[in-house]
Amino acid sequence: MLLRGGPDSAAKLYRHIDRMRRAFLLDGDPVLGISMFAALDELGIDSREGILSVRLATYKLVHTVSAGDLVAAGFTVVPTFRRPHATVLLPSTDDVPTLVDLLGSPQVNDKYADSRRRRRWMDARRGHRR
């Protein structure tokens with residue numbers, strides 16, 4: 001399962017793909033891709049729940065998609081940077097509509113409220129006010 005903070009649109013994905021294209025090369029070619037997080041473990045920080053409550057805690061909405069569905073549609077999923085980060089590679093920008101369809105409608109991140117409560121509690125302990 002791959003997760004990405006949302007909501008996403010075709011226009012937003014084109015911007016993110018262009019930013020990645022300008023920043024990275026793979027085998028000498030520009031990278032056409034988007035960043036996601038892979039739920040690699042059942043429990044802990046690299047699990048679905050861990051990713052939602054830590055790495056994507058600031059997103060009210062998230063997208064989830066199976067890596068198998070992405071690969072079956074012609075995309076490549078590669079581990080990049082630090083675990084559990086992954087990059088979904090697109091054959092071309094013509095594939096953005098397919099990617100949008102696969103990402104589907106964003107879902108509510110039920111860990112979003114938890115992170116806000118935890119942040120307020122930590123700020124209160126430190127004497128900060130919001």
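In this predicted model, Lys111 lies in the loop that runs between strand 8 and helix 5 (112-126). Setting aside neighbours within four places in sequence, Lys111 is in contact with Glu49, Leu52 and Ser53. With one of these partners the link can be described in finer detail: the side chains of Lys111 and Glu49 are joined by a polar contact of 3.3 Å.

From this loop it is a short step to the sheet. Six strands, taken in the order 6-7-4-1-5-8, form an open sheet with antiparallel pairing. Its edges are strand 6 (76-79) and strand 8 (107-108), each of which pairs on one side only. Inside the sheet, strand 1 (residues 2-6) pairs with strand 5 in the antiparallel sense, over 5 bridges. A useful place to look for this pairing is Gly5, which stands opposite Val62 in strand 5. Helix 1 packs on the sheet, where it touches strand 1, strand 4 (33-38) and strand 7 (85-89). The direction of helix 1 makes about 100 degrees with that of strand 4.

Strand 5 (residues 61-65) also holds Thr64, a residue worth a closer look. Thr64 has a relative accessible area of 15%, and it counts as buried because this value is under the 20% cut-off. Leaving out neighbours within four places in sequence, the contacts of Thr64 are Met1, Leu2, Leu3, Leu103 and Gln107. The side chain of Thr64 also makes a polar contact of 3.1 Å with the side chain of Gln107.

Leu103, a contact of Thr64, appears again where two helices meet. Helix 1 (residues 10-23) packs against helix 4 (residues 96-103) at an angle of about 120 degrees, and their axes are 10 Å apart. The crossing of helix 1 with helix 4 is right-handed. On the helix 1 side, the residues that meet the partner helix are Ala10, Leu13, Tyr14 and Ile17. Helix 4 contributes Val96, Pro97, Leu99, Val100 and Leu103. What kinds of residues make up this contact: nonpolar, polar or charged? The contact is made by 9 nonpolar residues, with no polar and no charged ones among them. Helix 1 thus has two sets of partners to trace in the structure: strands 1, 4 and 7 of the sheet, and helix 4.

Terms used. Residues numbered from 1 in each chain as written. Predicted model: local features only at pLDDT ≥ 70, side-chain atom pairs only at ≥ 80, totals over all residues. Heavy atoms only, no water. Axes fitted to C-alpha atoms, helices over the stretch in contact; angles between N-to-C directions. Helix = DSSP H or I, 4+ residues; strand = E, 2+ residues; numbered from the N terminus. Left-handed = near helix turned anticlockwise from the far one by under 90°. Contact = heavy atoms within 4.5 Å. Nonpolar A, V, L, I, M, F, W, Y, C, P; charged D, E, K, R; others polar. Buried < 20%, exposed > 50% of the residue type's maximum accessible area, 1.4 Å probe, protein only. Polar contact = N/O pair within 3.5 Å; in protein donor to acceptor, adjacent residues only side chain to side chain. Pairing = 2+ DSSP bridges.
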